[in-house]
Amino acid sequence: MQISGTKGTGMGMESPPILCVTPNPALDRTLEVPALRPGAILRAASTRVAAGGKGVNVARGLRALGVRSLAMGPLGGASGKILADLAEAERLDAAWTWCDGIETRTCLILVDPDARQATVVNEPGPTIAADDWQLFSAGVVTAAAAASAVCISGSLPPGVAVTALAELCRSLARTWSRLPVWVDTSGAALGEALAVPGVRLKINREEAEEILGRALGDLGACVAAARELLARGASAIVLTLGADGALAASADGCWHAASPPVESASAVASGDSFLAGLVAALVAEEALPEALRHGVAAGAANAVANGGARFTREEFHAALSRVRARSLPR
């Protein structure tokens, strides 16, 4: 096991990077399949293979916005090498933890351009040994010394305790108490992260429903959910609501930003693009309501650009001009 980096050309900026941590990276294989039908023999109109995993998507979104990032995650095997090479070809700066005896997972994305829908099949990922996870976690804490923020995104790989992500957040808080740490995960790992004082969460409606054990049908229910999660100790809660936009809650108040009407080609990685826009604005010292606008605009731009956090700066600014944030009653 070892840590190694790839250095892209970056954006020529002097500001510290945002760490984009992916505990369970993946090779994303996207097939465009017109008239997708279960049980049929079909031909793909196009194929794209890219470095993937939610944190890698966040890094790609930040690059689209002109913001420095550093991607981190455990990799292994031939597929891990392909992922690292693809990230380098995209000029994404990275510091990977190389693990012996594993093969980085592959995830399949089936895009039906006629129905404007995407079907995602995620492999669980390889089992990560305890010493490999410790090396990876220590590398994240060390790299955070030169970071402006940390985004931890995605699932935990098999073999890693559900408490591991929360423990990483605590290590970051102990070592770098003023560094904002954002978490985007689900299930048991999300429940553990909620217990970390001061954590900042970006989750979607379905993830919030799972952790709270109830449906969140309308905006009022989502606002109540955000405030309930905030009361558990987080310093900020952001809920993405798909076509309904997103809301943010902190000790200073609660805000909602509606998503602009767009003709979506693929919403894959819109949540990751949202996090890129949100955190980039916060690092630039924008207030949370304005950062919420930036997040919604980045998510919308991603959907227009056919997913994968491959939107342009022009698409982002076009969406941003159509997004407004409003304060909600306390």
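1. In this predicted model, a polar atom of the Thr185 side chain lies 3.0 Å from the backbone oxygen of Gly154. The pair falls within the 3.5 Å limit for a polar contact.

2. Thr185 sits in the loop that runs between strand β10 (181-184) and helix α5 (187-193). Its relative accessible area is 3%, and because buried means under 20%, Thr185 counts as buried.

3. Beyond neighbours within four places in sequence, Thr185 is in contact with Gly154, Ser155, Leu165, Leu190, Ile203 and Glu207. Gly154 therefore appears both in this contact list and as the partner in the polar contact of point 1.

4. The largest nonpolar core holds 53 residues. Leu19, Val150, Ile152, Leu172 and Leu239 have the most contacts inside it. Another core, of 48 residues, lies apart from it and includes Ala71, Leu288, Ala291 and Ala301.

5. Ile152, with neighbours within four places in sequence left aside, is in contact with Val21, Pro23, Leu165, Leu168, Cys169, Leu172, Val181, Trp182, Val183 and Asp184. Leu165 is in contact with Ile152 and also with Thr185.

6. The second largest pocket has about 220 Å³ of space. It is lined by 14 residues, and Pro180, Trp182, Arg200, Ala236 and Leu282 are the closest to its centre. Trp182 is also among the contacts of Ile152.

7. By class, the lining of this second largest pocket comprises eight nonpolar, three polar and three charged residues. Helix α8 (residues 270-283) gives the most to the lining, with three residues.

Conventions: Residues numbered from 1 in each chain as written. Predicted model: local features only at pLDDT ≥ 70, side-chain atom pairs only at ≥ 80, totals over all residues. Heavy atoms only, no water. Helix = DSSP H or I, 4+ residues; strand = E, 2+ residues; numbered from the N terminus. Buried < 20%, exposed > 50% of the residue type's maximum accessible area, 1.4 Å probe, protein only. Polar contact = N/O pair within 3.5 Å; in protein donor to acceptor, adjacent residues only side chain to side chain. Contact = heavy atoms within 4.5 Å. 1 Å grid on protein atoms, 1.4 Å probe; cavity = no way out; pocket = protein on both sides within 12 Å on 5 of 7 lines; lining within 4 Å. Points joined across faces, edges and corners; volume = space filled by probe spheres on them. Nonpolar A, V, L, I, M, F, W, Y, C, P; charged D, E, K, R; others polar. Core = buried A, V, L, I, M, F, W, Y, C linked by side-chain atoms within 4.5 Å.
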